[in-house]
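Please open the model in your viewer and keep the selection tool at hand, as this tour goes from one selection to the next.

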Amino acid sequence: MQQQAKYEFSYNIFLIGFMGSGKSTISEYLHQHYAMEKIEMDSLIEKREGMRIFEIFQVHGEPYFRDLETKLLTELQQKNNVVVSCGGGTPMREENVIQMKKNGKVVLLLASPQTIYERVKDSHDRPLLEGHKDVAYISELMKQRQEKYEAAADFTIHTDGKESAQICEELVQKLLEEEERQCAQ
């Protein structure tokens, strides 16, 4: 894929999916090649709170963290042309999905449990997987989230065996096709 001219989306793009599905990689690619502002939700929440996600969970609990996600998603209503890499649990809360859809398209990035295992096996920044880094455990967690992920998504892109450029080209093509369909109605 060649360097794209800047295309300004009139909405935000929310990347959802299981940890290791490619959200951070793809958001960085869109940031670099499409001149989009990029927000990593977990990183921004960590910065604002002055502690890591696992510490927020330990000190304040998961509901507090989910409230922070919802607040951030609400803030993003004021912006356009932002690619947002959502935490893996963000679409588990219905209010978060509502906030994403108010001013954005939700793109589900999918990878096989084996691919995810290969991508995360050496990471220790994934508290949900510590002590459980195997394909069977990852597969089970993915099944638990699958229904909510699919319900939240405007469309899905499979990332297995694809380069970032291919994934982004497919994503942008689907967004442009969707815009054309809406204009034609």
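Begin by selecting strands β1 and β4, which pair in the parallel sense over five bridges. Keep in mind, as you look at them, that this is a predicted model. Within this pairing, I16 stands opposite L108 in β4. Now add strand β3, residues 82-85, to the selection: β1 pairs with β3 as well, again in the parallel sense, over three bridges, and here the bridge partner of L15 is S85 in β3.

Stay with β1, residues 12-16, and show its side chains. Which residues point one way from β1, and which the other way? N12, F14 and I16 point one way, I13 and L15 point the other way, and all are buried. Because five of the five residues of β1 are buried, this strand is largely enclosed by the rest of the structure.

Next, select helix α5, residues 94-102, where N96, V97, Q99 and M100 are buried. These residues cover an arc of only 160 degrees around the axis, which puts them on the same side of α5. If you turn the helix to see the face that points away from this buried side, you will find the exposed residues E94 and K102. Against which elements do the buried residues of α5 pack? They pack against β1, α4 (62-75), β4 and α7, so colouring these elements will help you follow the contacts.

From here, move to T159, whose place is in the loop between β5 (155-158) and α8 (164-184). Is T159 buried or exposed? With a relative accessibility of 0%, T159 counts as buried, since the cut-off for buried is under 20%. Show S21 together with T159: although they are 138 residues apart along the chain, their C-alpha atoms are separated by 7.0 Å. Leaving aside residues up to four places away in sequence, T159 touches S21, L109, L110, A111, R119 and I167.

The last stop is the second largest pocket, which holds about 200 Å³ of space. It is lined by 15 residues, and those closest to its centre are L110, A111, M142, K143 and Q146, which you can select together. The elements giving two or more residues to this lining are β4 (104-110) and α7 (135-152), and the largest share, six residues, comes from α7. If you colour the lining of this pocket by residue type, you should find eight nonpolar, four polar and three charged residues.

Conventions
Residues numbered from 1 in each chain as written. Predicted model: local features only at pLDDT ≥ 70, side-chain atom pairs only at ≥ 80, totals over all residues. Heavy atoms only, no water. 1 Å grid on protein atoms, 1.4 Å probe; cavity = no way out; pocket = protein on both sides within 12 Å on 5 of 7 lines; lining within 4 Å. Points joined across faces, edges and corners; volume = space filled by probe spheres on them. Helix = DSSP H or I, 4+ residues; strand = E, 2+ residues; numbered from the N terminus. Nonpolar A, V, L, I, M, F, W, Y, C, P; charged D, E, K, R; others polar. Buried < 20%, exposed > 50% of the residue type's maximum accessible area, 1.4 Å probe, protein only. Pairing = 2+ DSSP bridges. Contact = heavy atoms within 4.5 Å. Arc of directions from axis to C-beta.
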